[in-house]
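Work through the exercises below with the model open. Try each task before reading its solution.

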Amino acid sequence: MMAAVSLEIVCSACGADSLVRRVPKYEGFKKIGEKFACVSCGHEYDSEDTTPFKTKRAPSIFGEEDRLKKVDLFAIDEKHRNCRYCQHYVVNPFTQRCGLDSRIVQATDSCDKFEKMAEEQKIAGEDRKKEPTL
Ligand SMILES: [Zn+2]
């Protein structure tokens, strides 16, 4: 036996955002199907096809975008706190160190002593890397 469930509709009879009750349809004593009755006005819809069920709300586009933006901002913020963007970050062929206390660091480490590398420094560093080593 199917449980009695309420379903959301926008009733075409009373215009309300309403719910329908499933009402069993009988032919004599034999159940031949279901109809749906608006709980606000009692209007009965003869079949599932004619019942103005609310279509499921599409996911909010704005909500989605905002969430993506937040993720992006967070990612950028994290990236710029990484050792590789810090002016104390020292790279040599085998290790990466923090110039402040000479501890070995990873480029992706983030540090509370982080100080943003100046743009010129960063560009100079990248240029050096491209030079062929002898
Ligand atoms: Zn109604």
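**Exercise 1. A backbone angle**

Task: Locate Ser102 and say whether it is buried or exposed.

Solution. Start with the place. Ser102 sits in the loop between β6 (96-98) and α2. Next, count neighbours. Ser102 has 10 C-beta neighbours inside 10 Å, so it counts as exposed. The cut-off for exposed is 12 or fewer. Now check the backbone. The phi of Ser102 is near 65 degrees, a positive value in a residue other than glycine. Most residues other than glycine have a negative phi.

**Exercise 2. Confidence and layout**

Task: State how many helices and strands the protein chain has, and which elements have the lowest and highest mean pLDDT.

Solution. This is a predicted model. The protein chain holds two helices and six strands. Along the sequence they follow the pattern β-β-β-β-α-β-β-α. Now turn to confidence. The mean pLDDT of the protein chain is 78, and 66% of its residues reach 70 or more. Among the elements, helix α2 (residues 119-130) has the lowest mean, 58. Strand β4 has the highest, 96. Then look at burial. Of the 134 residues in the protein chain, 9% are buried. Finish with contacts. Take those between residues at least 6 apart in sequence: 39% of them join residues at least 24 apart.

**Exercise 3. Two hairpins**

Task: Find the strands that pair with β3, and give the number of bridges in each pairing.

Solution. Begin with β2 (residues 17-27) and β3 (residues 30-38). They run antiparallel and are joined by eight bridges. Check two positions. Pro24 stands opposite Glu34 in β3. Val23 has Lys35 in β3 as its bridge partner. Then inspect the turn. The hairpin of β2 and β3 leaves two residues between the strands, and Gly28 in the turn has a positive phi of about 70 degrees.

Move on to β4 (residues 44-45). β3 and β4 are also antiparallel, with two bridges. Phe36 stands opposite Tyr45 in β4. The hairpin of β3 and β4 has five residues between the strands. Gly42 in this hairpin takes a positive phi near 85 degrees.

**Exercise 4. The nonpolar core and its surroundings**

Task: List the residues of the largest nonpolar core, then find which residues Thr51 touches.

Solution. The largest nonpolar core has six residues: Ile9, Cys11, Val20, Phe36, Cys38 and Tyr45. In soluble globular proteins, nonpolar side chains tend to be buried together.

Next, take Thr51. It lies in the loop between β4 and α1. Thr51 counts as buried because it has 21 C-beta neighbours inside 10 Å; the threshold is 20 or more. Beyond four places in sequence, Thr51 touches Ile9, Val20, Phe36 and Tyr45. These four are listed among the core residues. Thr51 and Cys11 are 40 residues apart in sequence, with C-alpha atoms 8.1 Å apart.

Now examine Cys11 itself. Outside four places in sequence, Cys11 touches Ala16, Ser18, Cys38, Ser40, Cys41, His43 and Pro52.

Compare Glu44, placed in strand β4. Glu44 has 16 other C-beta atoms within 10 Å, so it is partly exposed. Its contacts beyond four places in sequence are Val23, Lys35 and Ala37. Glu44 and Cys11 lie 33 residues apart along the chain, and 9.9 Å separates their C-alpha atoms.

**Exercise 5. One loop, two residues**

Task: Classify Cys83 and Gln87 as buried, partly exposed or exposed.

Solution. Place both residues. Cys83 is in the loop between α1 (61-80) and β5 (89-91). Gln87 is in the loop between α1 and β5. Count for Cys83: 22 C-beta neighbours inside 10 Å, so it is buried. Count for Gln87: 14 neighbours inside 10 Å, so it is partly exposed.

Now list contacts. Leaving aside neighbours within four places in sequence, Cys83 is in contact with Tyr89, Gln96, Cys98, Val105, Gln106, Ala107, Asp109 and Cys111. End with two distances. Cys83 and Glu115 are 32 residues apart along the chain, and their C-alpha atoms are separated by 8.8 Å. Gln87 and Ala118 are 31 residues apart along the chain, with a C-alpha separation of 7.1 Å.

Methods: Residues are numbered from 1 along each chain as its sequence is written. This is a predicted model: local features need pLDDT of at least 70, side-chain atom pairs count only at pLDDT 80 or more; totals for chains, interfaces and linings use all residues. Two strands pair if DSSP finds at least two bridges between them. Helices (H or I, at least four residues) and strands (E, at least two) are DSSP runs, numbered from the N terminus. A nonpolar core is a set of buried Ala, Val, Leu, Ile, Met, Phe, Trp, Tyr and Cys residues joined through C-beta atoms within 7 Å. Two residues are in contact if their C-beta atoms, placed from the backbone, lie within 7 Å. pLDDT is the predictor's confidence in each residue, from 0 to 100.
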